[in-house]
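Student: Hey, got a minute to go through a structure with me? I'd like to talk about how the helices pack, then the chain contact, then any odd backbone spots.
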There are 2 protein chains.
Amino acid sequence: MQPRVLAELETPALLVDAPKLERNLEKMQRRADALGVRLRPHVKTHKCMPILRRQLALGARGITVSTLKEADTFHAQGVTEVLYAAVIAPNKLAHALRLRRAGCRLTLLVDSAEGAAALASFGRDHEHDFEVLIEIDTDGQRAGLRPDDPRLLEVAARLDGPGAELVGVMTHAGGSYGLCDAGALRAFAEQERSGCVEAARRLRAVGHACPEVSVGSTPTALSAENLAGVSELRAGVYAFMDLVMLNIGVCTRDELALSVLASVTGHQPDKRWILIDAGWMAMSRDRGTAAQAHDFGYGALCEAESGRWLPALHFREANQEHGIVEADAGIDVRRDYPVGTLLRVLPNHACATAAQFDRYVVLDGPDGAPARWERSNGW
Amino acid sequence: MQPRVLAELETPALLVDAPKLERNLEKMQRRADALGVRLRPHVKTHKCMPILRRQLALGARGITVSTLKEADTFHAQGVTEVLYAAVIAPNKLAHALRLRRAGCRLTLLVDSAEGAAALASFGRDHEHDFEVLIEIDTDGQRAGLRPDDPRLLEVAARLDGPGAELVGVMTHAGGSYGLCDAGALRAFAEQERSGCVEAARRLRAVGHACPEVSVGSTPTALSAENLAGVSELRAGVYAFMDLVMLNIGVCTRDELALSVLASVTGHQPDKRWILIDAGWMAMSRDRGTAAQAHDFGYGALCEAESGRWLPALHFREANQEHGIVEADAGIDVRRDYPVGTLLRVLPNHACATAAQFDRYVVLDGPDGAPARWERSNGW
């Protein structure tokens, strides 16, 4: 790293390790290429154009978004293929139509006959045909129709134009976040694939072309052995990775590209507490590792410059702008971590922590000096 | 409420009920007046100039901030008396100095001899005298020196100019958030008051003027029976109140002024699930009611227009942009809450939920049409 870069920042700051980011992006692209599917990255994790630009340069095709704000932001910067991968609420249809009429090829998602009917009706009223996927539920975790649900054909029937055109099916096996065994992950990836492919087969059997079969989550994307019948793979958190992914077993410590830089502001020596200026506002309240094999509290502490892990420090509690770090017995917190010491905190969940910041400070990037990359937060 | 206002919003949206907000602001100001202390509102909750303007109009004097970004924002809009109520990290001293030289009377906080020495040294090097409070720990929850700590006088000695001037002591009894009994809250408020006053007494006994004795948290501010010896009261969340405060017992349902407007996007009828478009990105991951008498999950569901509570709905799980609401047995989720139904979600923790949004939609305000009020997030 460039000397003195960290010492010149105000804390808390959101850091991205550019070489690790680049390796993570390359690894997922290679996987998609090897599996013979398009990679359509989910930008909900980074919400950042310079990172998306690298994904596209490496071979990604189109993007996945979690909000129409993301669609606005990236379309304004030239991205045209956008999948809004959450079932659309009726009050967002006018916004979606504006984007489509402005030249954004925005694909929408439904999972009910009533939602499909409302969407098609809105399209007809505005003389516009939306392109639509049906969400398939392959793990019982959230939205979508099961692959064998009789309603699947009923929903598809509502998307037979005018107003709406069915272009395929989509699933997200978010339940993969609850696993930590490579064999179980492979089986889960196959469940995600086969369920979505089966839904497409049923639709084709009654005459729908259903060209798109879209699957993905970072754990399943990194575990799938084959994606036969799948047209595209979606994943988001792989860009940064995080402690939840480390516990799941789909990344190594060397792939953790996102961290929060914090300063020691004081101590409670009798409790071996180190107070830092990264609280829940900086880390988020995400405690995604709490139920996993290793509970990292509000994040894992590392030396700021070297990145060396500090396993004797435990991020126990967080107030709005205060983090409470407890040291193991034998550590003299005032001597070893004096006021002003910089620490890096690896987050539990990259999506949640990054969302607390407006921008990234990018270290060791191609330009030498640390870049500031903006995020597109909110709705 | 104005008819059709909610139907014209895109969800999720952060709503403020202006009449409730106004009553909350008036109530706290009346308490401070009755107790004979200045009210210095903590803007970390709302981070919003129009709300601060009402607080100042009602009699508040100066503000408390949790970040220097808040100080920048409000100073740029004419606020000069600013207390930065977190122990300052050395890498923020240059920023603090810029604010002071621009005319902001920014008061800083320290709780260690090394922190005080670093601050005074920086002041001397730049020929500037910072005004400084010492943080007092009255409940063992976070930072600060106990009122009887021998180091208190040592820290004060480092703030005897040039470079730094000791102007008083400050405490925050955040442990009050763990209580739910009026008697215990009164006792806690007295512990906060008496501890801070005792620290000031010790400092005065050795010759420090120590004019400022600053205490507060919303629960203790609303529970204190007297504030003898206190110069100013700080509180933040009282502006909006939230479910954590409701459980503590320092507000009523009618005082909950902040909510998130969400849309029903779908269902899993076999599980009696209602899917909504407010997930953890909108609500935050704050589960502050989890350890309280009533666990509200990720928030309490209400009818959007009437505000009537819906106790048969439970906000069980949250993904980034999806909320999973489970209905009690006997409810037909598709019939009773069809796609497109608007719901209001009362947050566990107003500071955390509001921070997920860039702006408020203000309902039933003096101007009639719903106003948009901006927030100043980040660092």
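Tutor: Sure. One term before we start: a helix axis here is a line fitted to C-alpha atoms over the stretch in contact, and angles run from 0 to 180 degrees between N-to-C directions. Also keep in mind that this is a predicted model.

Student: Okay. At what angle do helix 4 and helix 5 of chain A pack?

Tutor: About 50°, with the axes 11 Å apart. Helix 4 of chain A covers residues 93-101, and helix 5 of chain A covers residues 113-125.

Student: What do you call that arrangement, oblique or roughly parallel?

Tutor: Angles under 35 degrees count as roughly parallel, and 65 to 115 as roughly perpendicular. Helix 4 and helix 5 of chain A are therefore oblique to each other.

Student: And the handedness of that crossing, left or right?

Tutor: Right-handed, as helix 4 of chain A passes helix 5 of chain A.

Student: Which residues meet there?

Tutor: From helix 4 of chain A you have Leu93(A), Ala94(A) and Leu97(A). Their partners in helix 5 of chain A are Ala118(A), Leu119(A) and Phe122(A). By class, that contact has 6 nonpolar residues, no polar ones and no charged ones.

Student: Now helix 1 and helix 2 of chain A. How do their axes cross?

Tutor: At roughly 40°, and the axes come within 10 Å. Helix 1 of chain A is residues 18-35, and helix 2 of chain A is residues 49-58. The crossing is right-handed.

Student: Who makes the contact?

Tutor: Helix 1 of chain A brings Leu21(A), Glu22(A), Leu25(A), Glu26(A) and Gln29(A). Helix 2 of chain A answers with Ile51(A), Arg54(A), Gln55(A) and Leu58(A). Sorted by class, the contact of these two helices has 4 nonpolar, 2 polar and 3 charged residues.

Student: What about helix 1 and helix 2 over in chain B?

Tutor: Helix 1 of chain B (residues 18-35) and helix 2 of chain B (residues 49-58) pack at about 40°, with axes 10 Å apart. Helix 1 of chain B passes helix 2 of chain B in a right-handed crossing. The residues involved include Leu21(B) and Leu25(B) of helix 1 and Ile51(B) and Arg54(B) of helix 2. The class split there is 4 nonpolar, 2 polar and 3 charged.

Student: Switching topic: how many residues does each chain put into the contact between them?

Tutor: Chain A gives 64 residues and chain B gives 64 residues. The buried area between chain B and chain A is about 5000 Å², and carbon and sulfur atoms give 49% of that.

Student: How many salt bridges between chain B and chain A?

Tutor: There are 6 between chain B and chain A, while the structure holds 42 over all chains.

Student: Which side chain does Lys69(A) pair with?

Tutor: Asp358(B), with the closest N and O atoms 4.0 Å apart. Lys69(A) sits in helix 3 (residues 68-75) of chain A, and Asp358(B) is in the loop between helix 12 (350-354) and strand 16 (359-363) of chain B. You can also look at Arg285(B) and Asp286(A), whose side chains form a salt bridge at 3.2 Å, N to O.

Student: Last topic, the backbone. Where is a cis peptide bond?

Tutor: One joins Thr11(A) and Pro12(A), with omega about -5°. Pro12(A) is in the segment before strand 1 (13-17) of chain A. Another runs from Gly161(A) to Pro162(A), with omega near -10°, and Pro162(A) lies in the loop between helix 6 (151-157) and strand 7 (164-171) of chain A.

Student: What's up with the phi of Cys210(A)?

Tutor: Cys210(A) has a positive phi, about 50°, although it is not a glycine. Most residues other than glycine have a negative phi. You'll find Cys210(A) in the loop between helix 7 (182-205) and strand 8 (212-215) of chain A.

Terms used. Residues are numbered from 1 along each chain as its sequence is written. Chains are lettered from A and ligands numbered from 1 in the order in which they are written. This is a predicted model: local features need pLDDT of at least 70, side-chain atom pairs count only at pLDDT 80 or more; totals for chains, interfaces and linings use all residues. Side-chain values use heavy atoms; hydrogens and water are left out. Helices (H or I, at least four residues) and strands (E, at least two) are DSSP runs, numbered from the N terminus. Angles under 35 degrees count as roughly parallel, over 145 as roughly antiparallel, 65 to 115 as roughly perpendicular and the rest as oblique. A crossing is left-handed if the near helix is turned anticlockwise from the far one by less than a right angle, and right-handed if clockwise. Contact means heavy atoms within 4.5 Å. Ala, Val, Leu, Ile, Met, Phe, Trp, Tyr, Cys and Pro count as nonpolar, Asp, Glu, Lys and Arg as charged, and the others, Gly among them, as polar. Buried area is the accessible area (1.4 Å probe) that two parts lose on being put together, summed over both.
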